[in-house]
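The following exercises concern helix geometry, helix packing, strand pairing and backbone torsions. Each task is followed by a solution in steps.

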Amino acid sequence: MNAQWTAKQLLDLGLSPADLRARAKAGALVRLRRGHYAIGSEASPEAEHLRLMRATALDVAQSSVFSHTSAAVLHGLPVDETTLGVATMIRTTPGHGNGSPQLRVRNTSLLGDHITVVDGFSVTTLERTLCDLARLSPLEWGVAAVDAGLRRGADPAEIRRILALHPRLQGVHVAKRVMAFADPRSESAAESLSRVQMRRWGLPEPHLQFEVIDADGVVVARTDFGWPELGLVGEVDGKAKYGRLLKPGQSAEDVIMREKRREQEIRRAGYWIVRWGWAEIVDGRKMATIIEDGLRNALPRAS
């Protein structure tokens, strides 16, 4: 069964405009944008955004290219979920208007070698997408995108070259700050945003993907963050559900016990451990307080 329909297709099937409105109000149909509907909701905001992109592609000129947030979704980059209700494109030919409530169209200069195809969509390349996100996203989300892009093999020299081609574009100075701070060792958006908050709140610079070594020289854990000279390690909770960590034959209780044993090994190695999640990342003061309390409780290690 077709999961997406134009209004014309549904009307041709015998539904009336009143039927469409009633079914959309009842939730039986999801209105993606004007004249486009889908059946049911997708499992994730990113999947919903891809559905919006498919509907959008039917209504715009073929010369328009998906960019910014939409390109980020296609390239598998992290984005703020609150921005996913609007598809984003760059117009490569003359035109008027900036789109609609579900579409933002930009007239930014775009070279042919900055365009590629992903999953059938014409889209800005990974490096060009990272440039645009670093320029125009809030700093923390620009860092998260570039961290992830570098981890996926984006060429930092190419990103800087693209930025140099358009020195007058809005946010180029912000993008340069993002590039200076980006680090592919951050393995999740939560880690990237945490690093930004640490810098904002004046916390000591952490080691990333820090290995905890016990008295016998055995690596007992790898933590998201470490301040070895201060005797502290930090981890961002909520990166994966326990179910995703299960090995064949294991239960959630097995995973919980394994995590408890791991934390015991970290403490035996002489480290205090602190944890935080998305609520604290969003409110940087709360995250800073957790880390500051940990620094006070930890015992500095002998060098």
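**Exercise 1.** In this predicted model, classify A47 as buried, partly exposed or exposed, and state which element holds A47.

*Solution.* Step 1: the relative accessible area of A47 is 21%. Step 2: buried requires a value under 20% and exposed a value over 50%, so A47 is partly exposed. Step 3: A47 belongs to helix α3. Step 4: along the chain, A47 and V73 are 26 residues apart, while their C-alpha atoms are separated by 8.8 Å.

**Exercise 2.** Describe how helix α3 (residues 45-57) packs on helix α4 (residues 68-75).

*Solution.* Step 1: two packed helices are described by the angle between their axes and the distance between the axes. Step 2: for α3 and α4 the angle is about 120° and the axes are 10 Å apart. Step 3: the crossing of α3 with α4 is left-handed. Step 4: α3 contributes E46, H49, L50 and M53 to the contact, and α4 contributes T69, S70, V73 and L74. Step 5: by class, the residues of this contact comprise four nonpolar, three polar and one charged.

**Exercise 3.** Determine whether the end-to-end distance of helix α9 (residues 189-200) agrees or disagrees with its number of residues, and assess the burial of α9.

*Solution.* Step 1: α9 has 12 residues, and at 1.5 Å a residue its expected span is 16 Å. Step 2: the end C-alpha atoms of α9 are 17 Å apart, which agrees. Step 3: the buried residues of α9 are A189, A190, E191, S192, L193, S194, R195, V196, Q197 and M198. Step 4: this makes 10 of the 12 residues buried, so α9 is largely enclosed by the rest of the structure. Step 5: just after α9, G202 adopts a positive phi of about 70°.

**Exercise 4.** Which residues of helix α5 (residues 126-136) are buried, and against which elements do they pack?

*Solution.* Step 1: the buried residues are L126, E127, R128, T129, L130, C131, D132, L133, A134 and R135. Step 2: because 10 of the 11 residues of α5 are buried, α5 is largely enclosed by the rest of the structure. Step 3: the buried residues of α5 pack against α4, β5, β9 (121-124), α6 (139-151), α7 (156-165) and α8 (172-181).

**Exercise 5.** Establish the directions in which the residues of strand β5 (residues 87-90) point, and how β5 pairs with β4 and with β7.

*Solution.* Step 1: in a regular strand the side chains alternate between the two faces of the sheet. Step 2: in β5, A87 and M89 point one way, T88 and I90 point the other way, and all are buried. Step 3: strand β4 (residues 65-66) runs antiparallel to β5 and is joined to β5 by two bridges; F66 stands opposite M89. Step 4: with strand β7 (residues 103-106), β5 pairs in the parallel sense over four bridges, and R104 is the bridge partner of T88.

**Exercise 6.** What is the sign of phi at D119 and at Q209, and is each residue buried or exposed?

*Solution.* Step 1: most residues other than glycine have a negative phi. Step 2: phi of D119 is positive, near 50°; D119 is found in the loop between β8 (115-118) and β9, and at 67% relative accessibility D119 counts as exposed. Step 3: Q209 likewise has a positive phi, of about 50°. Step 4: Q209 lies in strand β10 (residues 207-213), and with 13% relative accessibility Q209 counts as buried.

Methods: Residues are numbered from 1 along each chain as its sequence is written. This is a predicted model: local features need pLDDT of at least 70, side-chain atom pairs count only at pLDDT 80 or more; totals for chains, interfaces and linings use all residues. Side-chain values use heavy atoms; hydrogens and water are left out. The expected span of a helix is 1.5 Å times one less than its number of residues. Buried means under 20% relative accessible area, exposed over 50%, partly exposed in between (1.4 Å probe, protein chains only). Two strands pair if DSSP finds at least two bridges between them. Axes are lines fitted to C-alpha atoms, for helices over the stretch in contact, and angles run from 0 to 180 degrees between N-to-C directions. A crossing is left-handed if the near helix is turned anticlockwise from the far one by less than a right angle, and right-handed if clockwise. Contact means heavy atoms within 4.5 Å. Ala, Val, Leu, Ile, Met, Phe, Trp, Tyr, Cys and Pro count as nonpolar, Asp, Glu, Lys and Arg as charged, and the others, Gly among them, as polar.
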